Structure formats: structure tokens, C-alpha cells
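Hi,

Here is the structure you will be working with. Please have a look at it first; my notes follow below.

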Amino acid sequence: MDRRIVAGNWKMNTTLREGVVLAEQLSQLVNRIPAGVEVIVAPPFTHLTEVRRALNPRIMLGAQDCSSRAQGAFTGDVSAEMLKDCGVEWVILGHSERRQYHGDDTPTLREKLGRVASVGLKPIFCVGEPENIRAQGQQNAWDWVAGQLKLLRGLGDSVLRELIVAYEPIWAIGTGKTATPEDAGWMCLRITRWLTSEIGEIGGMVPVLYGGSCNAANAKEIFSQPGVSGGLIGGASLKPEEFVSIACSF
Ligand code: PEP
């Protein structure tokens with residue numbers, strides 16, 4: 001059966017207390033979510049341990065990034081091993097905000113994917129085109145995304161088996177503009193096709209999520225597109241009722 005996944009990226013939002021309350025509220029509502037839907041939340045680093053304690057075990061813990069280094073003199077960084085120690089299972093890598101504001105380029109992301117894999121964590125790898133590229137048409141958007149996917153080529157089977165790809169057009173993130181369900185579906189299917197042809201059968205099994213102003217009102221139509229395994233949700237993941245409603249949209 002195809003996987004159904006909803007992941008919430010809290011970004012740099014909530015105080016610790018607010019984050020714990022949000023985790024408690026989600027936990028109270030989680031029974032509404034159909035069995036088999038995988039639910040992940042990625043709070044800020046500082047909240048991981050407390051949020052883990054507050055979360056219903058049905059909800060998996062994610063982190064929003066990790067260091068490209070294993071340990072040592074890298075002030076301000078948080079290693080994959082430290083995340084694992086906090087109960088993290090998933091790590092978002094290559095989010096457009098990390099690429100834009102923190103210089104996460106291809107070599108850095110390759111390192112980060114390696115770190116995540118080396119401690120047995122599972123990556124959610126984000127790709128997506130900027131607005132000016134989208135304005136040049138769907139094919140150009142696809143070429144951009146295909147360029148970002150190339151770094152997945154060297155990954156071993158054990159990482160690929162646990163990988164999620166999130167297609168997040170940059171112009172749709174936090175803007176209230178959403179890709180049409182058809183365009184979102186087309187891109188997700190193209191990603192699956194690319195993964196199959198470039199990586200093999202195991203690549204074709206990788207779930208592909210859509211992200212970018214996804215909410216309770218548009219999730220059902222987007223998730224019903226062939227090729228879309230669910231959503232990576234930013235703003236709407238901070239509202240427990242809405243996030244749960246998105247997770248019920250399959
Ligand atoms: C995101 O940051 O991954 C995201 C999809 O944000 P939003 O849902 O707010 O557009």
C-alpha cells in the first residue's frame with residue numbers, strides 16, 4: 001500500500017512552553033487520524049526533548065536540520081548524533097530557507113545526508129524551484145528540480161529505503177500561493193520517475209510529499225493526486241486542529 005505521510009515543520013516558532021502545549025494538543029487529537037498515516041513534527045532544536053516527552057508515541061519526532069560535521073569545534077551546530085539522542089527519527093534537509101539563508105549548497109547537503117545516514121536517522125530531502133524559474137514554465141521548473149535531485153544518486157540502499165523527498169516550490173512556501181493540484185501531482189510523479197530511472201526500483205519507492213501553503217482547505221485535492229504521498233506543512237502545522245485535519249485528508 002502507498003504510504004501516507006504528514007510532516008509539520010514548526011520552523012523558528014513557539015517558546016518551549018508553547019511547543020509543549022502544541023505537542024500535548026496534537027497528542028489529544030491524534031486518534032482522529034486514520035491508522036497508517038505517518039505523522040511527524042519537527043520543532044526547534046531547543047524543544048526536542050520536552051516535545052518528545054509530551055508527544056503521543058504515534059507522532060514521530062523530526063529536526064529541521066543538522067550539522068554537516070560529526071562533532072568538534074563547530075560553534076552553534078547540532079550533530080546528527082545529538083539529534084538521535086533526543087529521540088529524533090527524521091531530519092529535514094535542503095529546506096529552501098536553509099539553502100537561502102545558511103548556504104546549504106550541494107556539497108554541504110551531501111555531507112549532511114551522509115551524517116544523517118551514519119547514525120540511522122531518516123532524511124526528508126526538500127527540492128523546489130524559485131518563482132522566476134516557474135515563470136519560465138513547468139519544464140524549466142522540472143529541470144531545476146532534477147538538478148537538485150542529482151545528489152541523491154550516490155546514496156546507499158539503506159538510506160534510500162528510509163528517504164522522503166518533499167517537493168516545495170519556493171514561491172509557495174509561506175506565501176498563501178499553492179501549486180495547482182495538477183502541477184503538484186505532475187512534479188511529484190516526475191520526481192518518482194526520475195528516482196526510478198536514475199537510482200532504480202528502490203528510488204521509485206521513495207514517498208514524495210508536496211509542501212507550500214498546504215492547509216486544511218486544499219490538502220484533500222493535493223493528496224488525491226497520483227504521485228503525492230502527503231504533505232510537508234509549515235504554518236498550518238502550528239494549529240493543532242488544522243494539522244490533524246490535514247492528516248485526515250487522504
Ligand atoms: C515549509 O516551510 O516547508 C512549508 C511548506 O511552509 P508553509 O506550509 O507555511 O508554506
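Start with two helices, α7 (residues 138–149) and α9 (residues 181–199), in what is a predicted model. Their axes lie 11 Å apart and meet at an angle of about 40°. α7 and α9 are therefore oblique to each other, since the angle is neither under 35 degrees nor within 65 to 115. The crossing of α7 past α9 is right-handed.

Which residues make this contact? On the α7 side they are Gln138, Gln139, Ala141, Trp142, Val145, Ala146 and Leu149. On the α9 side they are Asp183, Trp186, Met187, Arg190, Ile191 and Trp194. By type, the contact of α7 with α9 has nine nonpolar residues, two polar and two charged.

Next, the annotated sites. Both sets come from UniProt, from an unreviewed entry.

Active site:
- UniProt puts this feature at His95 and Glu168.
- The two span 74 residues in sequence, yet their C-alpha atoms are no more than 8.3 Å apart, so they gather at one spot.
- Of these residues, His95 is included in the lining of the largest pocket.
- His95 sits in the loop between β4 (90–93) and α4 (96–102).

Binding site:
- UniProt lists Asn9, Trp10, Lys11, Gly174, Ser213, Gly234 and Gly235.
- This set is spread over 227 residues of sequence. In space the residues cluster, with a largest C-alpha distance of 13.9 Å.
- From this set, Asn9 and Lys11 are taken in by the lining of the largest pocket.

So where do these two pocket residues sit in the fold? Asn9 belongs to strand β1 (residues 4–9). Lys11 is in the loop between β1 and α1 (16–29). The largest pocket is thus a place to look at both annotations: its lining includes His95 from the active site, and Asn9 and Lys11 from the binding site.

One last point, on the backbone. Lys11 has a phi near 55°, a positive value in a residue other than glycine. Thr14 is also not a glycine, and its phi is positive too, at about 80°. Where is Thr14 placed? Thr14 lies in the loop between β1 and α1, as Lys11 does.

Best wishes

Methods: Residues are numbered from 1 along each chain as its sequence is written. This is a predicted model: local features need pLDDT of at least 70, side-chain atom pairs count only at pLDDT 80 or more; totals for chains, interfaces and linings use all residues. Side-chain values use heavy atoms; hydrogens and water are left out. Axes are lines fitted to C-alpha atoms, for helices over the stretch in contact, and angles run from 0 to 180 degrees between N-to-C directions. Helices (H or I, at least four residues) and strands (E, at least two) are DSSP runs, numbered from the N terminus. Angles under 35 degrees count as roughly parallel, over 145 as roughly antiparallel, 65 to 115 as roughly perpendicular and the rest as oblique. A crossing is left-handed if the near helix is turned anticlockwise from the far one by less than a right angle, and right-handed if clockwise. Contact means heavy atoms within 4.5 Å. Ala, Val, Leu, Ile, Met, Phe, Trp, Tyr, Cys and Pro count as nonpolar, Asp, Glu, Lys and Arg as charged, and the others, Gly among them, as polar. UniProt positions are given in the numbering used here, feature names are shortened, and annotations may be inferred rather than shown by experiment. On a 1 Å grid over the protein atoms alone, a cavity is a set of points where a 1.4 Å probe fits but cannot get out, and a pocket is an open set with protein on both sides within 12 Å along at least five of seven lines; lining residues have an atom within 4 Å of a point.
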